[in-house]
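I sat down with this one and a fresh page, and kept notes as I went. Here is what I opened up.

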Amino acid sequence: MSKKRLINNEIRAYKVQLITDDGENLGNMSMKEARNIASEKGLDLMEMWKKWDITIIKILDYWKFLYREKKQKQKQKQNSKTPDLKTIRITFKISDHDLQTRVNQVEKFAKNGHPLKVTLMLRWRENHYWSLAMEKMETFIKLIEEFYKLENPIKRNWNTFIAMLKVVK
């Protein structure tokens, strides 16, 4: 979360140092003079830094600044190398065709480098067949072992089986 920048009339300072958008220092002056220069050029004033006796302000097009800042954040987010954790849910009674569909999804996740979490939840009477459910999980993991490898053993948490996998490189 970025802090709110003070612009134009929100800036409360008597003496300021004015800097152009290009980085050129126009020197120390009163706030009134800085406002006059900004209004002549049709631009805004934005507070950059504040110290005891002087405030550094920049003369710029504020909406252009916000646009550039937004684009820069989007680019940083796009370039971040932290892939999202993907989750695949399978059921105790899943058919072979549906299992193959999940394998196809997993292949796409692996190509994009996403870690994977596979869950199988037992419901009602299925809870009595937890050993068969464990076999179902192991079967699914064997189907995807060319893309993923198991990080830790499969965990059973009451009626849910969870497997965490990472991409095979």
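My entries below go from the whole chain to the strands and then to the aromatic rings.

**Entry 1: the whole chain**

I noted at the outset that this is a predicted model. I counted four helices and nine strands in the protein. Reading from the N terminus, I wrote the order of elements down as β-β-α-β-β-α-β-α-β-α-β-β-β. Next I looked up the radius of gyration, which is 29 Å, whereas the globule rule gives 15 Å for 169 residues; the value is well over the rule, so the protein is more spread out than a compact globule. The C-alpha trace spans about 80 × 30 × 25 Å along its principal axes.

For burial, I found that 31% of the 169 residues count as buried. I also checked how the contacts are distributed along the chain: among those with a separation of 6 or more, 55% are between residues 24 or more positions apart.

**Entry 2: the four-stranded sheet**

In which order do the strands of the open four-stranded sheet lie? I read it as S2-S1-S4-S3, with mixed pairing. S2 (25–30) and S3 (44–50) are the edge strands; each has a single partner strand, so one side of each is left without a neighbour in the sheet. From one strand to the next, the twist averages 30°.

I then went through the pairings. S1 and S2 run antiparallel and share five bridges, and in this pair leucine 18 stands opposite glycine 27 of S2. Their hairpin has five residues between the strands, and there I found glycine 23 with a positive phi near 100°. S1 (residues 15–19) also pairs with S4 (residues 55–60), this time in the parallel sense over four bridges. Isoleucine 19 has lysine 58 in S4 as its bridge partner.

A reminder I put in the margin: in a regular strand the side chains alternate between the two faces of the sheet.

Which helix lies across these strands? I found helix H1 (residues 31–41) lying across S1, S2, S3 and S4, at about 125° to S2.

**Entry 3: a parallel pair further along**

I moved on to strand S5 (residues 86–90) and strand S6 (residues 116–121), which pair in the parallel sense over five bridges. Isoleucine 88 has valine 118 of S6 as its bridge partner. Between the two strands the chain passes through helix H3 (residues 96–111), and I logged this β-α-β crossover as right-handed.

**Entry 4: the aromatic rings**

How many aromatic pairs does the structure hold? I found two. In the pair of tyrosine 62 and tryptophan 63, the ring centres are 5.5 Å apart and the planes stand at 70°, so I filed the pair as edge-to-face. In the pair of tyrosine 62 and phenylalanine 65, the centres are 6.3 Å apart and the planes are at 25°, so this pair is stacked. Together, ring pairs link Tyr62, Trp63 and Phe65 into a cluster.

I looked up where the stacked pair sits in the chain: tyrosine 62 and phenylalanine 65 are three residues apart in helix H2 (residues 62–79), so about one helical turn separates them.

Which members of the cluster are buried, and which exposed? Tyrosine 62 has 10% relative accessibility and counts as buried. Phenylalanine 65, at 17%, counts as buried too. Tryptophan 63, at 62%, counts as exposed.

Conventions
Residues are numbered from 1 along each chain as its sequence is written. Side-chain values use heavy atoms; hydrogens and water are left out. Two strands pair if DSSP finds at least two bridges between them. Axes are lines fitted to C-alpha atoms, for helices over the stretch in contact, and angles run from 0 to 180 degrees between N-to-C directions. Contact means heavy atoms within 4.5 Å. A crossover is right-handed if, with the strands pointing away from the viewer, the path from the first strand over the helix to the second runs clockwise. Rings of Phe, Tyr and Trp (its six-membered ring) pair if their centres lie within 6.5 Å; planes under 30 degrees apart count as stacked, over 60 as edge-to-face and the rest as tilted. Buried means under 20% relative accessible area, exposed over 50%, partly exposed in between (1.4 Å probe, protein chains only). The radius of gyration is taken over C-alpha atoms; the globule rule is 2.2 Å times the number of residues to the power 0.38.
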